[in-house]
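Visitor: Please pick one kind of part in this model and go through it closely. Then place it in the rest of the assembly.

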Amino acid sequence: MATQHSRSAARIMMAPAVILLLGWMLIPLTMTLVFSFKKYLPMRGGDLGWVGFENYVRFVTSSAFWPAVGTTLVIVGGVLVITVVFGVLLAMLLDQPMWGQGIVRLLVIAPFFVMPTVSALVWKNMFMDPVNGLLAHLWKFFGAQPVEWLSDASMTSIIMIVSWQWLPFATLILLTAIQSLDSEQLEAAEMDGAKPLSRFGYIILPHLARAITIVVLIQTIFLLSIFAEIFVTTQGSFGTRTLTYLIFQRVLESQNVGLGSAGGVYAIILANIVAIFLMRIVGKNLDA
Amino acid sequence: AYAETLTIATVNNGDMIRMQGLTDDFTEKTGHEVEWVTLEENVLRQRVTQDIATQGGQFDIMTIGMYEAPIWASNDWLVALDDLSEDYDADDILPAMRDGLSYEGTLYAAPFYGESSMIMYRTDLMEAAGLEMPDAPTWDFVKEAAIAMTDKDNEIYGVCLRGKAGWGENMAFLTAMSNSFGARWFDEDWNAQFDSEAWANTLTFYLDLMEQAGPPGASTNGFNENLALFQQGKCGMWIDATVAASFVTNPDDSTVADKVDFALAPDMGKGPRGNWLWAWALAIPAGTEKEGAAKEFIEWATSKEYIELVAENEGWANVPPGARTSLYENENYKDIPFAQMTLDSINSANPLQPTVDPVPYQGVQFVAIPEFAGIGTQVGQEFSAALAGQQTAEEALEKAQALTTDEMEAAGY
Amino acid sequence: MARAVTTQRKTINTIFAWAVGLLIFFPILWTILTSFKTEATAIADPPVFLFFDWTLENYAVVQERSNYMRFLWNSVIIAGGSTILGVIIAVPAAWSMAFVPSKRTKDILLWMLSTKMLPAVGVLYPIYLLFIKLGILDTRVGLVVVMMLINLPIIVWMLYTYFKEIPGEILEAARMDGASLREEIIHVLTPMAVPGIASTILLNFILAWNEAFWTLNLTAAKAAPLTAFIASYSSPEGLFYAKLSAASVMAIAPILVMGWFSQKQLVRGLTFGAVK
Amino acid sequence: MGRITLDKVSKSFGEVEVIPPLDLTIDDGEFVVFVGPSGCGKSTLLRLIAGLEDVSGGEIRIDKQPATHLPPAKRGLAMVFQSYALYPHMSVKKNIAFPMKMAGIPEAEQERKIADAAAALNLTDYLDRRPGQLSGGQRQRVAIGRAIVREPAAFLFDEPLSNLDAALRVGMRMEISELHKKLATTMIYVTHDQVEAMTMADKIVVLRAGVIEQVGSPLELYREPRNLFVAGFIGSPKMNLVTGAGDLMQGAATIGVRPEHTAASKTEGRWKGVVGVSEHLGSDTFLHVHETGLAETVTVRVGGEFDANHGDTVYLTPEEDKIHRFDGEGLRIA
Amino acid sequence: MGRITLDKVSKSFGEVEVIPPLDLTIDDGEFVVFVGPSGCGKSTLLRLIAGLEDVSGGEIRIDKQPATHLPPAKRGLAMVFQSYALYPHMSVKKNIAFPMKMAGIPEAEQERKIADAAAALNLTDYLDRRPGQLSGGQRQRVAIGRAIVREPAAFLFDEPLSNLDAALRVGMRMEISELHKKLATTMIYVTHDQVEAMTMADKIVVLRAGVIEQVGSPLELYREPRNLFVAGFIGSPKMNLVTGAGDLMQGAATIGVRPEHTAASKTEGRWKGVVGVSEHLGSDTFLHVHETGLAETVTVRVGGEFDANHGDTVYLTPEEDKIHRFDGEGLRIA
Ligand SMILES: Nc1ncnc2c1ncn2[C@@H]1O[C@H](COP(=O)(O)OP(=O)(O)OP(=O)(O)O)[C@@H](O)[C@H]1O
Ligand SMILES: Nc1ncnc2c1ncn2[C@@H]1O[C@H](COP(=O)(O)OP(=O)(O)OP(=O)(O)O)[C@@H](O)[C@H]1O
Ligand SMILES: [Mg+2]
Ligand SMILES: [Mg+2]
């Protein structure tokens, strides 16, 4: 479908969104690029001239860089694995006939509405606090030594908090996907002699592939830039400094805008590597 | 002057919250309205620094500390407070505070309240341990007492100290402590000193003390967490800000209000004690159009009258401490149990010569250079990780040395 | 044609699902409960669950200390404004992609999505400077624009997936019936996509409501939304669990209630075209 | 091998009794078609046999073995679904192999059976494709292939052709018939298309609201429908059911005449009417005649050469010995 | 009023020429049906006429006015889509009113026209329903109603019945025919069902790969198909195309005999074969006869009484004067 007329109309109608986003991307990006080649220290008079690639070199050679990249990937990966695995299980559970399904769904969806800041605060103070936290009480109740969550299990804690926030999202998408599975397919498999586990492995899981891809894509976009959860809980200590947080420290704590901008450029590159990688999969999966 | 609306950024500490509640008095007197932007300390720092560095002009008054004041003043970012009215009596400000908030002799931020640090301890536990706290104890005594008071089965820990990473959190404490151990951040040529023996002693002592007598999860404890612990009666001693005294002695919140006493922060006999000096102060960013009104506010908020206003409304125990000499001369205030100790602590700190060996910087528990916030926090994270048992003291110091050198290099020292 | 299920199975499902549901919901429930306790009860050991003296004191304190309604109103304006604006800009774009696809449509879509990966901290400085230049720091307009730009890719994508499900024939029918492009979009496409647009609006409203980096950094007093509100309660001096809980409940309650009431639309829309 | 007996089988969904107790025997090797209007319970009955639904009462026996409580996979039946229910993410080959894989049949034997089935169903060239890349008819064949390899005691088909277009439907219909001839396995086939029922069945079961109205061979049903329902349901175009046809009634309340048993003439005949639409198919022409005073429309089939247009007057004469007579209750008068 | 002329109209999608230059004239008031296999370009041609696609070359004239570059709405044509394309969020009434609303016709006149259309299409009771609450046939009627109120120069239908089930299809087919009789407006109708084409058309246009194979009345096409393609396409069941039939060939490369023009006997006849499947419809029986040595299967239509089963031997005799002969290129030999 399409006549010349509608094609030119289409181009015009795309324009606002494309131009806005192009502006939103290019203007700050250009400024960031410019800063990244400068010695830019607001606390020491601001722009102190061009320094070439010095900031870039300094940023990657800093001992914090590679661990930060690693931390970023571990958090993103960990949350993805947890939300997808539990999301699938939960979706399967919620798909079963039961009483009060609507209410259970409300309960499960609730964390999605909670601001990251609030959820981090609540988890940190009221659950993970090693003395007054509810988890500590629970551990003590069972006679165990309370875990010092945010220091001894810092990554686990952060992954847990973030997973809690994103689990509803994954669950809901996967639940809708499961519900869209043609029940005749499952019955066919049953007739074909597939046991419940085989039905899950051979029919349900492949059916969910597309939905899982979407979950992974959307979550990755948001997870790459998680900030509030770390800012509130560990402030980057105990090995929870992500690339985003490292940049934050460079720009805002050390007030070294040039160095931070170089970091920003690295983060953009990393994000785009992940993005391209994802898009490849998603692009393929979305066509199907 | 016609009525203005002032936007004031402040920290969510109790004294400031109280000030918010009393804003009506200011509006009544001057006609100016006030919009409060109350933020948690870390967020506040980030917001105001961002705004001042870019000349964002979002705030007419910012709440800053002793760390920021001289640095910002040197960049001409603050309005000098050298023309305050006679009534205000600027000379009444405690000299240590005045020094810390001035740059080249000119005051750039008016102290709202000031603090040092001291030991708060449980008299009942001390007694039970068969010890007696001297007025000016040593670190060794603190350690001995702490170990003696500890009763982990009953969740009683001899000493609660800051462990949460941050230049204003564990590093405030550790830097002040290191001063008393004879350590310093930099030598005269700005070389990082974490490879020194004095630092090794400091950190080892701290880790050992916490290991033996500290509460669990100490590596995430800051002021608030320790306060909560102490109020619940879980700490034998707590070395922290003098302002905490009013909280731990407040029977509404504290289960141990009547069993607390105070002592000066410990030393090692090398001169400096392990206490810090800090003030939350109000400053006016250069370039604001509402300078006049802003000054009026600062005069109101840091005045003697304001102190009386608070006393009237909330009682003398709750007035903002540590800013004015006259407060400590006030008869009504003398009854407050922690008043004298607070004053003594403040007076025992010297921001201009904080360490045993000479240093090129000023600041007791911080180094008044712009890079310090970043460096301090990262070093704090290393030390915090050591406290959490994730690395040894040596490793932490090594990393601290490396990253400090690195950052200083990046900043062009 | 669902199979009939035995009551026994259904009972087991129900128990299990409720247990999991409550577990997931528990942190929120606990926060709500704590907000009605005194500070001392809040940290009582062992913790008390339901049997304590319920008090509204914390809410009173929080309300007294901050102008909650203003934060709330700002949140509503910023989240609502940015979402509506985003939808207005995204509808034509999504129309183009869905009904006049070209070889580059998918690339453009993915590119748009990739702008979301721009790390906010990396560009805070430039944006801040830009905002100063434009004089829109601490204005709702400024935030509406920023939040709109942040969410635009998601809005475009979601609308695109909904539009794609609408048979092109209907738009052609409208064209045959004499509708102009504008009329076609207003009278036919938009009403047909109402469920999709509704869930797009919902999701983006939530995302904008909960966004905490830009809203905190680009506002001071006038335009500060609930994310800034919560930043003043996060760790004050003294005991604060109960007050923190009260403030938290106040910050999340509006969106939680809205989300619950509209969860059907939301769930339907959340699929991002993942489910055909 | 594939004798299926239903003994007082009934099914209720909650309060609603969809199938009242019902007896039916399907002999080994028979091709049985269930027909009936939408919602009459055809699928439900098939699913009861398959074991995909539990019976509410009664007994099912397959090959004399009680099967009422066996799980579907154990009944030795194969089912072909209306939507084909192919596994979209598996290749044709994997789809066909799936039941064997589940049964743990050795690879080599699987290969052989797949090859056989593919050859029989003309699928050999498509084994590596995904279902999404196949045409409707090919998908249908894959679904059958998946059933065949299990060598079931009986095949169950639930409207397997209703998603196909007209031309393909005719082709597939024949393929299934030929398959039945070849395998001689019991087949139970659900449809609501009476042409399918007529052309394929050995035995047709006409259902209405869960009740069996008549069971018999296609021609039995065509020639001697037991009641008005069956009369109207079997035959295409439909039998003309008329009242008030004078002496032809012979005491019946309604009489039925099939379009193909009515002669038309331009000049004379028993009934007079006006042509509404005439449909010229080349081979035949169908006249829809109005204003006969018997029924709104009487349809007659005439030869391809008969030339009648809209508005023409025609005379119709039924073949008297082919008239069906029904009493006031709608039952056939013998 | 509704004469449509295509003059060397062609269409390419990118590199692919879907419709090579093509001439066609459709007279006012004619019912023209485009038939052809799937993908042959029927829809594309219709959409070119509607203005929903740009032509790649050539000219379209509607009522002698050049219309090649007019936007769809200006061409005065109405289109009924395969999926009905009703506006699901509007009531039936609003759906029908939509084109008038767009044209700015006064409310009162709209009301009148809606009432007329609804009455004509039996929709009066459903005016307030949404399309989702209607049956397939009713939806179809709404789509037609929406077209009617515009009083178009011509109606364009793109497979309007293919989503309906068999029984409904027959009914709607007749309704559309009757509508055409009543309105006498030009109608262009796309289908790939040749029964529809035969029964509805004044003129059939047979397309293959964008090329017109033959244009003519249904019976012309049935009686004198111009080539093998048309011969195979028109008529149901298909014409039997056989080779090597001895003296019947008379020099033709292929001859065609329709199933209805071949007699079958159990005892004697020209060709001998074995019955594969026999389909008993009651009225007729179709025998699919194998092993004749002429073609894989020869289909014949015999009376409902003819009794032949799988495996029986039958003898077939074509009616000689009804034999179609084609040359080596597949063209009819006159
Ligand atoms: N799971 C179920 N729960 C409740 N009622 C059901 C269920 N499945 C079927 N029914 C009802 O049982 C009746 C028979 O349904 P069934 O599907 O067997 O009809 P059918 O003859 O196959 O119809 P169709 O020709 O439309 O497929 C219908 O009235 C239907 O609504
Ligand atoms: N937008 C398009 N872009 C590219 N090719 C197209 C497009 N639309 C149609 N075609 C191609 O043009 C040819 C004719 O398509 P058209 O839809 O006209 O066929 P049709 O005769 O209507 O088939 P059907 O009976 O299946 O509807 C097909 O080969 C199709 O793939
Ligand atoms: Mg059915
Ligand atoms: Mg088509």
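Guide: A residue is called buried when its relative accessible area is under 20%, exposed when that value is over 50%, and partly exposed in between, with a 1.4 Å probe and protein chains alone as cover. Helices are DSSP runs of H or I with at least four residues, strands are E runs of at least two, and both are numbered from the N terminus. The model is predicted, so local features need pLDDT of at least 70 and side-chain atom pairs pLDDT 80 or more, while totals for chains, interfaces and linings use all residues. Residues are numbered from 1 along each chain as its sequence is written, chains are lettered from A and ligands numbered from 1 in the order written, and side-chain values use heavy atoms, without hydrogens or water.

The part to look at is a helix that carries the number 1 in its chain. In chain B, helix 1 spans residues 14–21, and it is largely enclosed by the rest of the structure because seven of its eight residues are buried. Those seven are B:G14, B:D15, B:M16, B:I17, B:R18, B:M19 and B:Q20.

Helix 1 of chain E is also mostly covered, with eight of nine residues buried. The buried ones are E:K42, E:T44, E:L45, E:L46, E:R47, E:L48, E:I49 and E:A50. Just past the end of this helix, E:G51 has a positive phi of about 90°.

The helix in chain E also takes part in a ligand site. A residue counts as near a molecule if one of its heavy atoms lies within 4 Å of it. Around ligand 2 there are 12 residues, and E:S38, E:G39, E:K42, E:S43 and E:T44 are the closest. Helix 1 of chain E, residues 42–50, supplies three residues to this shell, the most of any contributor. The ligand itself sits between chains A and E. Sorted by class, its shell holds four nonpolar, six polar and two charged residues. In that sorting Ala, Val, Leu, Ile, Met, Phe, Trp, Tyr, Cys and Pro are nonpolar, Asp, Glu, Lys and Arg are charged, and the others, Gly among them, are polar.

Polar contacts here are pairs of N or O atoms within 3.5 Å. An oxygen atom of ligand 2 is 2.8 Å from a backbone N or O atom of E:G39. A polar side-chain atom of E:K42 is 2.8 Å from an oxygen atom of the ligand. For E:S43, a side-chain N or O atom lies 2.5 Å from an oxygen atom of ligand 2. On its own ligand 2 exposes 630 Å², and the protein buries 59% of that. Accessible areas of this kind come from the Shrake-Rupley method with a 1.4 Å probe.

Chain D has a site that can be read in the same order. Ligand 1 lies between chains C and D. It has 13 residues around it, of which D:S38, D:G39, D:K42, D:S43 and D:T44 come nearest. Helix 1 of chain D, residues 42–50, gives three residues to the shell, the most of any contributor. The classes in this shell are five nonpolar, six polar and two charged residues.

Three side chains of chain D can be named with distances. A side-chain N or O atom of D:K42 is 2.8 Å from an oxygen atom of ligand 1. The corresponding distance for D:T44 is 2.5 Å, and for D:E159 it is 3.2 Å. The protein covers 65% of the 640 Å² of accessible area that ligand 1 has alone.

Now the chains as wholes. With contact taken as heavy atoms within 4.5 Å, eight pairs of chains touch, and chains A and C share the most contacts. Chains B and D do not touch, their nearest C-alpha atoms being 48 Å apart. Chains B and E do not touch either, and their nearest C-alpha atoms are 48 Å apart.

Chain A, which borders ligand 2, has 13 helices and two strands. Its C-alpha atoms fill a box of roughly 75 × 75 × 30 Å along the principal axes. Of its 288 residues, 65% are buried. The accessible surface of chain A is about 10,000 Å², and 71% of it belongs to carbon and sulfur atoms.

An unreviewed UniProt entry assigns "domain: ABC transmembrane type-1" to residues 69–278 of chain A. UniProt positions follow the numbering used here, feature names are shortened, and annotations may be inferred rather than shown by experiment. That stretch is 77% helix and 0% strand, with end C-alpha atoms 18 Å apart. Among the spans that UniProt (unreviewed entry) lists as "transmembrane region" are residues 12–37 and 64–91 of chain A. Residues 12–37 are 96% helix and 0% strand, with end C-alpha atoms 37 Å apart. Residues 64–91 are 96% helix and 0% strand, with end C-alpha atoms 39 Å apart.

Note on methods: A polar contact is a pair of N or O atoms within 3.5 Å; within protein, one must be able to donate a hydrogen and the other to accept it, and residues adjacent in sequence count only if both atoms are side-chain atoms.
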